[in-house]
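Hi everyone, thanks for making time this morning. I'd like to walk you through one structure, so please have the sequence and the 3D view open as I talk.

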Amino acid sequence: GINAEYGQTNLSRKLQRYVLGYWGMNRIRLVGILSSRLHNTSSRTAVPLEVVPETELKDTCDYVSPADRTSNIRQIRYGRRHDETREEMTLRLFATELQEWNHQYWSRQGQIYADLKEQLLDEMETSMVSEEETDLILQEFYRSYLLNNRKNFNEYTAEWRKSNIKLIYLSFRAKKSRLQLFLKNAISS
């Protein structure tokens, strides 16, 4: 069927044309195109698509899955151009590596948080507490979880910022190489 789940993405401009979906063994559920693309084209209209077999997916398109249950990160399957330059390939590979690192980090954090919260809820279940007390206990739990992991989160944030600066730099290099290729082809034609 068709699922018309559209919306804006917080990803940077170079990562904006995505087809939302979920890829499994042989099928993907596509739900729409959001906007421009890693490799340049610009299309801002959302087009609902039906379920398409994996074999019919275009290698030149980027595909995004629904948010992961643990990490809340949408996995991205980056497409590649048939005439991809070395700089564009470097950008695509780094973006994929960065996405996987981000996904792994938040999966671990999400699992740790869920386990600790489950332990707390189990303990609270045995000692009959009111709903109001439960809310206060959960608020304190969340606050203490954030404070206890503050150093870890700060280290993650610093690394994430460095990686995004590198991603921007690689994007400029990729755009420059694409422009050079365009000019070279325009001159030789």
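Let's begin with helix α3 and the residues it hides: F153, Y156, S163, L167, L170, S171, A174, S177 and R178 are its buried ones. The cover over these residues includes α1 and α2. As for its dimensions, α3 has 39 residues and spans 56 Å from its first C-alpha to its last, close to the 57 Å expected at 1.5 Å a residue. Look at the numbering of the buried residues too, keeping one general point in mind. An α-helix has 3.6 residues a turn, so residues three or four places apart point the same way.

Before going on, I should say that this is a predicted model, and confidence varies along the chain. The mean pLDDT of the protein chain is 75, and 70% of the residues score at least 70. Where is confidence lowest, and where is it highest? The lowest mean, 33, belongs to strand β1, residues 19-23, while α3 has the highest, at 95. Over residues 1-50 the pLDDT is below 50, although this stretch has 134 contacts in the model beyond near neighbours in sequence. Please be careful there: where pLDDT is low, the predicted coordinates should not be read in detail.

Now for the overall layout. The protein chain has three helices and five strands. Reading from the N terminus, the order is β-β-β-β-β-α-α-α. Of the 189 residues in the protein chain, 33% are buried. The exposed surface comes to about 12,900 Å², with carbon and sulfur atoms supplying 53% of it. And if you take contacts between residues at least 6 apart in sequence, 61% of them join residues at least 24 apart.

Next, the nonpolar core. Which residues make up the largest one? There are ten: V64, I76, Y78, L91, F94, A95, L98, L167, L170 and A174. Two elements, α1 and α3, each give two or more residues to this core. The largest share, four residues, comes from α1.

Two polar residues are worth a stop here. S163 sits in helix α3 and is buried, at a relative accessible area of 10%. Setting aside residues up to four places away in sequence, S163 touches F94 and L98, and both F94 and L98 appear in the core I just listed. Then there is Q99, in helix α1. Is Q99 buried or exposed? With a relative accessible area of 9%, Q99 is buried. Beyond its neighbours within four places in sequence, Q99 contacts R74, Q75, I76 and Y78.

Let's move to the aromatic rings. How many aromatic pairs does the structure hold? The count is twelve. A pair of aromatic rings is described by the distance of the centres and the angle of the planes. Take W101 and Y156: their ring centres are 5.2 Å apart and their planes meet at 20°, so this pair is stacked. W101 is in helix α1, residues 86-126, and Y156 is in helix α3, residues 150-188, which puts the two partners 55 residues apart and makes the pair a link between distant parts of the chain. W101 is partly exposed, at 30% relative accessible area, whereas Y156 counts as buried at 10%.

The pair of Y113 and Y145 is edge-to-face, with 5.0 Å from centre to centre and 65° between the planes. Because Y113 lies in helix α1 and Y145 in helix α2, residues 131-148, the pair ties together parts that are 32 residues apart in sequence. Y113 is partly exposed, with a relative accessible area of 23%, and Y145 is buried at 6%. These four residues belong to one aromatic cluster, together with Y105, W106, F141, Y142, F153 and W160.

One last spot, back among the strands. N72 is in the loop between β4, residues 63-67, and β5, residues 74-77. Its phi is near 65°, a positive value in a residue other than glycine. N72 counts as exposed, with 58% relative accessibility.

If you take one picture away, let it be this: α1 and α3 both feed the largest nonpolar core, and the stacked rings of W101 and Y156 link those helices as well. Thanks for listening!

How values were computed:
Residues numbered from 1 in each chain as written. Predicted model: local features only at pLDDT ≥ 70, side-chain atom pairs only at ≥ 80, totals over all residues. Heavy atoms only, no water. Phe/Tyr/Trp six-rings, centres within 6.5 Å; stacked < 30°, edge-to-face > 60°. Buried < 20%, exposed > 50% of the residue type's maximum accessible area, 1.4 Å probe, protein only. Core = buried A, V, L, I, M, F, W, Y, C linked by side-chain atoms within 4.5 Å. pLDDT = per-residue confidence, 0-100. Contact = heavy atoms within 4.5 Å. Areas by Shrake-Rupley, 256 points an atom, 1.4 Å probe, with all protein chains shown as cover. Expected span 1.5 Å × (residues − 1).
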